Amino acid sequence: MKDKLNYSYYPGCSLHASAGEYDLSTRELFKRLSIGLTEVPDWFCCGATPAHNVDELLSLSLCAKNLELAEQVEGDLAVACAACFSRLKTTQHVLAESDVKRKQVEKAIDAPLKLDGKVKHLLEILARDLGLERLAASVTKPLAGLKVACYYGCLLTRPNDVPNLDCVEAPTIMEDVLKAVGAETVAWSHRMECCGANFTLSRPGVVIQLTNAILESAKEAGADCVMVACPLCHGNLDIRQKEIEGVYNVNYGLPVFYITQLVGLACGLSSDKLGLGALIVNPMPLLKEKQLL
Amino acid sequence: MIISQSTMDVDFVRKVEALSGTSVRRCFQCGKCSAGCPMATFMEHPPNRVVRLLQLGQWQRILAGRSIWYCASCETCSTRCPNKVHLASIMDALRKLSWDAEGPSKESYVQLANKLFLQNIRTYGRQYEMRLAAVFNVKSGQFLKDLMLGPKLISKGKLKMFHSKNKNMPEIEKIFTRIEEMRKKGEAL
């Protein structure tokens, strides 16, 4: 048995607001798996897409400062949101490559840069650090008969040089984790198509069109539900699903789970501890039908 | 005027290349970026044409258009380019240049959302989605936008009403001001 796994934790803004159930289920699952998780004190926004969209230096500086704050807590940095994950890893990569940008960022945050801290998405921690075997050994209630469409979205795997989570075009890490906890996964076309997250405020019409195609593809593939590892994907697929059904006059009724919710369910955590009640598309009928509650 | 490679504005292209850390000139127009772009249907110039217009010195048309603001930063183009042109970074650079010129672009909603997002970081340290959405609706004059989502989200505890204190607020403000100062002195683009 390896030593106990310990991580510093950067939840990101969404997990403290609209994606509270992702935060809750992450903490509960890690507790159940005996993985240590300590939140970085007074972390702040990574700048997400809007910052790098118009001001790369600001984006790099905000992320570099957060990486510095994370050094106060022992362990690799665990990140839940695909966008934060992408920004923090991109920052490490860009600053390691460019002396000019590195000097500018050091000046902006008024501190020397340390870029060797490891940044890991929760998926990597479950699939690789803990490992699929140990994960499977923690399962008390296999998700037998549940057909899941794993949705990667854009930023978990792309582009090529960072974040290096899995293959950029045909990743399997989500499916691997779900199979380890006994679920079935479906093959579908839109698992890596963008949901248009960045436009949810400014151009919701764009989001509705893109997200509809994703839900349609998952439904056609015979999925019972969708699983995501990003609060922004979740916002579009779950919160906007009813609206999309209205616009296109269809009925998807696809519950959208966070990875930590499905894995947590298999590890015997209760619906309350996983925040299942906070999901907008009610997952209870499906879970009862599959005898998973 | 006949546009060709010789009408390229080399100074502008160099600026884009410096900001983005990638080559504009290496693109040979295979169109793979546009083929995979989920946003191409919303753009007046799809991604490969944005690069071609840069190569032909037509950058004013890009900065004035919507295409750069309709890029979702999904990185599909950068991932698939056979010439390793990091097009998503070129889009960032073009948005910055358009943004700094105070928006000759017709696309104002995306810019407004970006502006409010960055202001939120400076003021509160983190994003508070409800505040962001409410201010966006007021400033864009769309008072009823997404109103139906509100009660549902509140009842599910998904909208936080108040922001929490962050002891790094002075540090965040310093990052913003130091960057502004560096730019004033010409030490950064």
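The following legends describe close-up views of a predicted model that contains chains A and B.

**View 1. Chain B is built from helices, with zero strands.** Ten helices make up the secondary structure of chain B, and the run of elements from the N terminus is accordingly α-α-α-α-α-α-α-α-α-α. Along the principal axes, the C-alpha atoms of this chain occupy a box of roughly 60 × 40 × 30 Å. Of the 189 residues in chain B, 39% are buried. When contacts between residues at least 6 apart in the sequence of chain B are considered, 65% of them link residues at least 24 apart.

**View 2. Domain 1 and domain 2 of chain A are in contact.** The domain assignment places residues 6–121 of chain A in domain 1 and residues 140–289 in domain 2. A distance of 23 Å separates the C-alpha centres of the two domains. At their junction, 23 residues of domain 1 of chain A contact 26 residues of domain 2 of chain A. On the domain 1 side, helix 1 (20–32) and helix 4 (82–97) of chain A each contribute at least two residues. Helix 1 of chain A is the greatest contributor to that side, with nine residues. By residue class, the domain 1 side comprises nine nonpolar, ten polar and four charged residues.

**View 3. Chain A and chain B share an interface.** Here 48 residues of chain A are in contact with 50 residues of chain B. The elements of chain A that supply two or more residues to its side of the interface are helix 2 (48–54), helix 3 (56–70), helix 5 (99–109) and helix 8 (204–220). The chain A side consists of 25 nonpolar, 14 polar and nine charged residues.

**View 4. A parallel, open sheet of four strands lies in chain A.** The strand order is 6-5-7-8. Strand 6 (184–185) and strand 8 (256–258) of chain A form the edges, each pairing on one side only. In general, strands of a sheet pair through backbone hydrogen bonds, in either a parallel or an antiparallel manner. Strand 7 (residues 225–228) of chain A runs parallel to strand 8 of chain A and is joined to it by three bridges. Within this part of the sheet, Val226(A) stands opposite Val256(A) of strand 8.

**View 5. Helix 7 of chain A lies across three strands, namely strand 5, strand 6 and strand 7 of chain A.** Helix 7 spans residues 173–180, and strand 5 spans 147–150. The angle between helix 7 and strand 5 of chain A is about 155 degrees.

Key: Residues numbered from 1 in each chain as written. Chains lettered and ligands numbered in written order. Predicted model: local features only at pLDDT ≥ 70, side-chain atom pairs only at ≥ 80, totals over all residues. Buried ≥ 20, exposed ≤ 12 C-beta atoms within 10 Å, placed from the backbone. Contact = placed C-beta atoms within 7 Å. Domains from an automatic or database assignment. Nonpolar A, V, L, I, M, F, W, Y, C, P; charged D, E, K, R; others polar. Pairing = 2+ DSSP bridges. Axes fitted to C-alpha atoms, helices over the stretch in contact; angles between N-to-C directions.
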